Amino acid sequence: MEEGDLKYLDRTDLLDTDAHIQIGAGHPYLIVFIGRDAGKRFKLEAGQMTVGRSPQADIKISDHRVSRIHCIFEWNGERITIEDKESTNGTFVDSQKVRRMEILPGVPIQLGQSVMKIEYKDEAEIQSEENLLRQVSIDPLTGIFSRQHFLRLASMEMAYACRHQLPVGVIMLVLDNLKQVNDTLGIQTGEFVLARAAGIINKTIRTEDLFARYTEEEFIIMPRGDINKEDMFVQCERVRKAIKDFEFRFGEESIRITLSLGYHFEKMNGRDFKDKLIDLIAKAERALYLAKGRGGDRIETLL
């Protein structure tokens, strides 16, 4: 080792205090961990932010048991408080109904069926967690919910419906001639049609409805809110017509597609919601196969 190297080892240079690397300064985020928005992170800004299901709320929660403007978060740079805004179902902090109180990090907050908490995180953490969430909850081809994520959210809906004896419905859908498109125009064209059809259906249904890719070719919808047999048929017909009337264009190709749909609807009771969800999906799928067997481009139900 050279003499200069020994001097280097013996000396520790002082670091300019302005040159410190800032690692994770941290910012408060509202993180939803139970409910349809599970996994979403909302950055709290200084001052007041409204929370509710209204599109006008600063933080929109997709939960029809949450009031339009349910509560307000206020952050003054040091403390965070929550204030209920005369919501229908109340604001709960650590299982206690509150009107206004200071919120500490990690304490569970329940609005409707959604449970959330405050955590301090930096941008790198948030980006990493959102990427992971997207991988496990979103179908990469269509951009809609994956089957696993749908089943988790649908189970929550079923549990609530069973407790309160509410009606629940499921719609199963399949593109009738997708295999023909794949065989004659290629898999790439078929994937384009599948993804584009998912986007059309997503725009046709209501924002609050659950929509997912269930198998390679099948989609599934669980309408939310007050529903009945007639409403479900109307929703099916609206989706069927939207796909039939759309002209899919891929390169020089013009493609027409039709849909087969099957739906089932039941009023829930009891507590065994997991078996009831499986049964509901199975009956909707049987109705779907009935529609396909009768030529496609139609709606069927076992009701």
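The exercises below work through strand pairing, burial and salt bridges in a predicted model.

Residues are numbered from 1 along each chain as its sequence is written, and side-chain values use heavy atoms, with hydrogens and water left out. Since the model is predicted, local features need pLDDT of at least 70 and side-chain atom pairs count only at pLDDT 80 or more, whereas totals for chains, interfaces and linings use all residues.

**Exercise 1.** Determine which strands pair with β14, and in which sense.

Solution. Begin with the terms: strands (E, at least two residues) are DSSP runs numbered from the N terminus, and two strands pair if DSSP finds at least two bridges between them. Strand β12 (residues 167–175) runs antiparallel to β14 and is joined to it by four bridges; within this pairing, V174 has E218 as its bridge partner in β14. On the other count, strand β13 (residues 210–213) also pairs with β14 in the antiparallel sense, over four bridges, and here R213 is partnered with F219. The connection from β13 to β14 is a hairpin of four residues.

**Exercise 2.** Decide whether strand β14 is largely enclosed or open, and explain why.

Solution. Take buried to mean under 20% relative accessible area, exposed over 50%, and partly exposed in between (1.4 Å probe, protein chains only). In a regular strand the side chains alternate between the two faces of the sheet. The two faces can then be taken in turn: E218, I220 and M222 are buried on one side, and F219 and I221 are buried on the other. Because five of the five residues of β14 (residues 218–222) are buried, the strand is largely enclosed by the rest of the structure.

**Exercise 3.** Work out which parts of the chain are tied together by the salt bridge between D297 and R240.

Solution. A salt bridge is a side-chain nitrogen of Lys or Arg within 4 Å of a carboxyl oxygen of Asp or Glu. The side chains of D297 and R240 satisfy this with an N to O distance of 2.8 Å. D297 lies in the loop between α7 (273–293) and β18 (299–301), while R240 belongs to helix α6 (residues 229–244; a helix is a DSSP run of H or I, at least four residues), so the pair ties together parts that are 57 residues apart in sequence. R240 is buried, at 13% relative accessible area, and a network of salt bridges links E237, R240, K244 and D297.

**Exercise 4.** Compare the burial of the two partners in the salt bridge of D37 and K40.

Solution. Their side chains meet at 3.2 Å, N to O. D37 is buried, with 2% relative accessible area, whereas K40, at 38%, counts as partly exposed.
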